[in-house]
Amino acid sequence: MKINYQKELDMIINGIDAARPPRLLLHACCAPCSSYVLEYLADYFDITVYYYNPNISPEDEFV
């Protein structure tokens, strides 16, 4: 049987106290990959984004 991670997340979100949202450290490799996730989770968590992707080249894309 496969795990339905969306249902797992929904159960976690349903148990969150909206008055005191938990903190979440989110690793993001790039903006396109993380934009939907940030938008979706921002209502439920106090999010800190850790951006790291050593595979981006040329280096001037980091600027």
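**Tyrosine cluster, strand contacts and overall arrangement**

Tyr44 has a relative accessible area of 31% and is therefore classed as partly exposed, a class that lies between the cut-offs of 20% for buried and 50% for exposed residues. The structure is a predicted model, and the values reported here were computed from it. Tyr40 falls into the partly exposed class as well, because its relative accessibility is 26%.

The rings of the protein yield a count of two aromatic pairs. In one of them, Tyr40 and Tyr44 are joined, with ring centres 6.3 Å apart and an angle of 55 degrees between the planes, an arrangement assigned as tilted. This assignment follows because planes over 60 degrees apart would count as edge-to-face and planes under 30 degrees apart as stacked. Ring pairs connect Tyr36, Tyr40 and Tyr44 into a cluster. In general, residues three or four places apart on an α-helix point the same way, because the helix has 3.6 residues a turn. Helix H2 covers residues 31–41.

The secondary structure of the protein chain consists of two helices and two strands, and their order along the sequence is α-β-α-β. The protein chain has 63 residues, of which 13% are buried. Its exposed surface is about 5,600 Å², with 57% supplied by carbon and sulfur atoms. Of the contacts in the protein chain with a separation of 6 or more, 41% are between residues 24 or more positions apart.

Helix H1 spans residues 5–14 and is hardly covered, with one buried residue among its ten. The N-terminal end of H1 is capped by Asn4, which places a side-chain oxygen 3.1 Å from the backbone nitrogen of Gln6. In the loop between H1 and S1 lies Asp17. With a relative accessibility of 47%, Asp17 is partly exposed, because the exposed class requires over 50%. The C-alpha atoms of Asp17 and Phe45 are 10.0 Å apart, with the two positions 28 residues apart in sequence numbering.

His27 belongs to strand S1, which covers residues 23–28. The relative accessible area of His27 is 46%, so the residue is partly exposed. Between His27 and Val49, which are 22 residues apart along the chain, the C-alpha separation is 5.9 Å. When residues up to four places away in sequence are set aside, His27 touches Tyr50 and Tyr52. Strand S2 comprises residues 46–51, and Tyr52 is found in the segment after it. Tyr52 is partly exposed, because its relative accessible area is 45%. Together with Leu25 and Tyr50, Tyr52 makes a nonpolar surface patch of about 360 Å². Tyr50 and Tyr52 thus appear both as contacts of His27 and as members of this patch.

The loop between strand S1 and helix H2 contains Cys30. A relative accessibility of 21% places Cys30 in the partly exposed class, because buried residues are those under 20%. Cys30 and Tyr51 are 21 residues apart along the chain, and their C-alpha atoms are separated by 7.2 Å.

Notes:
Residues are numbered from 1 along each chain as its sequence is written. This is a predicted model: local features need pLDDT of at least 70, side-chain atom pairs count only at pLDDT 80 or more; totals for chains, interfaces and linings use all residues. Side-chain values use heavy atoms; hydrogens and water are left out. Rings of Phe, Tyr and Trp (its six-membered ring) pair if their centres lie within 6.5 Å; planes under 30 degrees apart count as stacked, over 60 as edge-to-face and the rest as tilted. Buried means under 20% relative accessible area, exposed over 50%, partly exposed in between (1.4 Å probe, protein chains only). Helices (H or I, at least four residues) and strands (E, at least two) are DSSP runs, numbered from the N terminus. A polar contact is a pair of N or O atoms within 3.5 Å; within protein, one must be able to donate a hydrogen and the other to accept it, and residues adjacent in sequence count only if both atoms are side-chain atoms. Patches are made of residues with over 30% relative accessible area and no salt bridge: like charges are joined within 9 Å, nonpolar side chains (Val, Leu, Ile, Met, Phe, Trp, Tyr) within 5 Å. Accessible areas come from the Shrake-Rupley method with a 1.4 Å probe; for residues, only the protein chains shown count as cover. A salt bridge is a side-chain nitrogen of Lys or Arg within 4 Å of a carboxyl oxygen of Asp or Glu. Contact means heavy atoms within 4.5 Å.
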